[in-house]
Amino acid sequence: MLVGIISDTHGDAAAIERVAAHPAAQRAAVWLHAGDVAPDAGYLEKLLSKKVYAVAGNCDWPNPNVKDECVLTLAGHKIFLTHGHSYGVRYTTGLFRDAALAVGADIAVYGHTHVVERSIGVLTVLNPGSAARPRDGPEGSFMVAELIEGELPKVEVIRLSSAEK
């Protein structure tokens with residue numbers, strides 16, 4: 001199963017549209033949105049006609065319909081999804097990793113830092129960076145992860161080139 005991962009879109013419809021237009025984005029069966037701004041997940045869902053699981057970030061107004069974190073199972077992998085701000089991920093991912101392990105996750109997805117992280121292992125930790133406001137270069141980013149039960153995820157970071165802007 002191919003899973004799209006996005007975060008920190010911050011209401012930038014043009015950035016969301018660039019992601020949705022990318023061929024890899026169109027191949028994803030389902031999406032994860034790691035917050036900031038959670039309603040953007042609905043726009044992505046509309047553009048791609050794919051299910052988008054979303055969590056709230058630090059820039060989201062309290063909304064009883066959007067949780068701060070969720071745990072879901074896709075293709076035999078247990079995924080912990082959160083924005084990360086409440087775990088202090090800007091400084092260290094230790095508390096975040098501990099929370100993911102505590103719920104039995106083998107994949108942990110977060111946002112907040114606007115910087116890509118891809119660490120594959122017993123606990124795979126993924127941050128797709130920011131599609132709209134990257135802090136690790138001039139190009140926005142998202143990820144696609146190939147999930148096969150019993151195998152480590154195969155994760156690709158996709159940078160939105162300046163030609164796509």
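Here is a short walk through one helix and two loop residues of this structure, which is a predicted model.

Let's start with helix 3, which runs over residues 40–48. Four of its residues, Asp40, Ala41, Leu44 and Leu48, are buried. If you look down the axis of helix 3, these buried residues fall within an arc of 105°, so they line one face of the helix. What sits over them? The cover includes two helices, helix 1 (13–21) and helix 2 (23–27), along with strand 1 (2–6), strand 2 (30–33) and strand 3 (51–54). Just after helix 3 comes Ser49, and its phi is positive, near 55°.

Now move on to the loop between strand 3 and strand 4 (69–74), where you'll find Ala56. Ala56 has a relative accessible area of 7%, and anything under 20% counts as buried, so this loop residue is buried. Setting aside residues up to four places away in sequence, Ala56 touches Gly35, Ala38, Val66, Lys67, Asp68, His83 and His85. Take Lys67: Ala56 is 11 residues from it in sequence, and their C-alpha atoms are 6.0 Å apart.

His83 and His85 turn up again in the last stop, His112. His112 belongs to the loop between strand 6 (107–109) and strand 7 (116–119). Is His112 buried or exposed? It is buried, with a relative accessible area of 10%. Beyond its neighbours within four places in sequence, His112 is in contact with Ser7, Asp8, Asn58, His83, His85, Val89, Arg90 and Arg135. With His83 there is also a side-chain to side-chain polar contact, at 3.3 Å.

How values were computed
Residues are numbered from 1 along each chain as its sequence is written. This is a predicted model: local features need pLDDT of at least 70, side-chain atom pairs count only at pLDDT 80 or more; totals for chains, interfaces and linings use all residues. Side-chain values use heavy atoms; hydrogens and water are left out. Buried means under 20% relative accessible area, exposed over 50%, partly exposed in between (1.4 Å probe, protein chains only). The arc is that of the directions from the helix axis to the C-beta atoms. Contact means heavy atoms within 4.5 Å. A polar contact is a pair of N or O atoms within 3.5 Å; within protein, one must be able to donate a hydrogen and the other to accept it, and residues adjacent in sequence count only if both atoms are side-chain atoms.
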